Amino acid sequence: MKSPLLFVRLAASLAGVGKIFSIRGWIGPGMMLGWLASGLAWGQTGGVFTVNLPGVASTPPVPLVQAAETWHYRLGTNAPQSGWRTNSDATLDSTWRTGPGGFGYEDGDDATLLPAISNRCTTLYIRRTFTVNEPIDSGRLLELVMDYDDGFVAWLDGVEIARSTNAPGAVGTVPANTAIALAPNHEALLYRGLPAEVYRAGAVGTRLESGPHVLAVLGLNGSLASADFSLIPSLRVTGVSVGPPAGAQVVFTRTNLYQLTGSNTVPGSTRVVVNDQPANHTPATGTWSLAQPLTPGMNRLHVAALDAQGWVLASTNLDVVYEAATLGVGGTLTGDVTWTAASGVVHVTNDLIIPAGVTLTIGEGVVVAVASNAALRCQAGGTLRVAGTREQPAFLLPEDGVTPWDGLAANGANARLELKELEMVAGPVSAQNGAVLQAED
C-alpha cells in the first residue's frame with residue numbers, strides 16, 4: 001500500500017483529569033482531520049471519510065435479586081455450616097432466620113434491624129435464592145449493587161464475584177467468622193442520599209443457566225464495638241449499551257465479528273480497506289461496510305480509503321477489544337499472581353492491593369479494563385510488573401473506553417512499579433514515600 005507525505009499524531013490533555021487521547025493516521029495533500037461523536041472521520045476538500053463505531057440495540061436491566069426481598073441471614077457468632085453459599089434453602093439449619101433485605105443498625109437504612117451484632121460478633125451471613133426461568137444472553141453484564149458499612153465479600157453459586165477493598169484475605173478466600181473489615185472503614189452511602197456502589201462481575205457467560213441460583217454475601221464490621229453496620233446488596237444483569245461513548249479511546253465487544261460501516265466521498269477514492277483487506281464499497285452512495293473478524297484481546301484496525309493506484313487518500317486507526325473471556329478481580333492479593341492473554345480481559349472492579357512480598361505480573365498481550373473508581377496499588381514491598389513486548393504490549397484501559405480511572409500507585413519503601421511495553425489510557429501513575437518507578441519502552 002502506498003502512503004503519501006506525512007504521518008500525523010494528535011494528542012491533547014483534558015484539563016483536570018490527566019487523560020491523554022490521540023488520533024493517528026496518514027494525511028495527504030489538502031486533507032483535514034475531524035472527530036465526530038458518531039465515529040472517526042477524515043475529510044478532504046469536497047468529501048469525507050468516516051468510520052462509525054457500532055453498538056447493538058439496548059435492552060433494559062434485568063433484576064435478579066432486589067434488596068427489599070426476603071433473605072436468609074445469620075449472625076457470625078460462630079462459623080456457619082458447610083455449603084452455606086451454595087446449598088438449597090431447605091438444607092439451612094436452625095441458626096438461620098429470614099427478614100427483608102437491608103441489614104444493620106444505627107444508619108437508619110435497615111429493614112431488618114440487628115443491634116445484637118454490636119459487641120457480640122463482627123460478621124453477618126446473608127443469602128438469597130433466585131430462579132432463572134428463561135435463558136439470559138451470555139454477552140450481557142452481571143452487576144452487584146452494594147451499600148455497606150464497613151466491608152463485604154459476595155459470591156454467586158459459591159464463586160466470588162466482588163469484595164470490598166478492605167476485606168481481609170486474597171480474592172477467592174473466605175474470611176473467618178471473626179474477621180473484621182480492615183482500615184479505612186467504609187461508610188454507607190444510601191442513607192446520605194448518595195448512590196450505591198456498582199461492582200461489575202463481567203459477562204454472564206454460562207453462569208446464569210435456567211434453574212435456581214444463590215447470591216451469598218458476608219458482611220464485615222470494622223470492630224466488635226463498631227457504632228454502626230449496613231449490608232444492602234442487589235444483583236442485576238445490565239443492558240448492552242448503544243455503541244461506545246463519545247470520545248472512546250478503545251471499543252469493547254463480545255462478538256468475534258465486528259460490523260464496521262462508514263462513508264467515503266473522498267474525490268478519487270475507489271475502494272476502502274481494513275488492515276489491507278477490501279471492504280464492501282459503493283461509490284454511488286458513498287458508503288462502505290465490512291464484517292471484521294476479531295481475535296481475542298486487542299485488535300488494531302487500520303482503515304483507509306485508496307485510489308485506483310493504491311495511494312492512501314484518507315485513513316485512521318481503530319482499537320477494538322474482543323472479550324472472549326472475562327476475569328474479575330479486586331481486593332488484596334495474598335500471593336504472587338500472573339495474568340496472561342489466556343486469562344481473558346481482566347476487569348478490575350475495585351481497588352486491587354499488592355501488599356509486601358507479593359508480585360503481580362501482567363504479561364504480553366494482556367488487556368486490563370479498570371473501573372472508574374478503581375486503581376492498582378502497591379504497598380511497601382509489593383511489586384507490579386508489566387512485561388509486555390514490542391509485538392504484544394500490555395494494555396491498561398478505562399472499562400468503558402473513555403472514563404478516567406484512579407491509575408497505578410506505589411506508596412512506601414520499596415513499593416515497585418516495573419512497566420515495560422505498556423499502553424495505558426486515562427489513568428495516572430504515581431510513586432511516593434520511597435517507592436520505585438521503572439518505565440521502559
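**Strands and cysteines in a predicted model**

Phe252 stands opposite Val321 in strand 25. I start with that pair, and I should say at once that the model is predicted.

The pair sits where strand 18 meets strand 25, residues 312–322. The two strands run parallel and are joined by three bridges. They belong to an open sheet of five strands, in the order 18-25-24-20-21, with mixed pairing. Strand 18, residues 251–253, and strand 21, residues 277–278, are at the edges, and each has a single partner strand, so one side of each has no neighbour in the sheet. As a general reminder, strands of a sheet pair through backbone hydrogen bonds, in either the parallel or the antiparallel sense.

Next, strand 12, residues 141–149. How many of its nine residues are buried? Nine of the nine, so to speak the full count, are buried. In a regular strand the side chains alternate between the two faces of the sheet. Here, Leu141, Glu143, Val145, Asp147 and Asp149 point one way. Leu142, Leu144, Met146 and Tyr148 point the other way, and all of these residues are buried. Note that the buried list includes Glu143, Asp147 and Asp149.

Which strands does strand 12 pair with? One is strand 15, residues 197–203, which runs antiparallel to strand 12 and is joined to it by five bridges. Within that pairing, Val145 has Val198 as its bridge partner. Strand 15 is itself mostly covered, with five of its seven residues buried. Another is strand 17, residues 229–238, again antiparallel to strand 12, this time over nine bridges. There, the bridge partner of Tyr148 is Leu231.

Last, the cysteines. How many disulfides does the structure hold? Zero. A disulfide is a covalent bond between the sulfur atoms of two cysteines. Are Cys121 and Cys378 buried or exposed? Cys121 counts as buried because its relative accessibility is 3%, and the cut-off for buried is under 20%. Cys378 is also buried, with a relative accessible area of 3%.

To recap: strand 12 is buried in nine of its nine residues, strands 18 and 21 form the edges of the five-strand open sheet, and the structure holds zero disulfides.

Methods:
Residues are numbered from 1 along each chain as its sequence is written. This is a predicted model: local features need pLDDT of at least 70, side-chain atom pairs count only at pLDDT 80 or more; totals for chains, interfaces and linings use all residues. Side-chain values use heavy atoms; hydrogens and water are left out. Buried means under 20% relative accessible area, exposed over 50%, partly exposed in between (1.4 Å probe, protein chains only). Helices (H or I, at least four residues) and strands (E, at least two) are DSSP runs, numbered from the N terminus. Two strands pair if DSSP finds at least two bridges between them. A disulfide is a pair of cysteine sulfur atoms within 2.5 Å.
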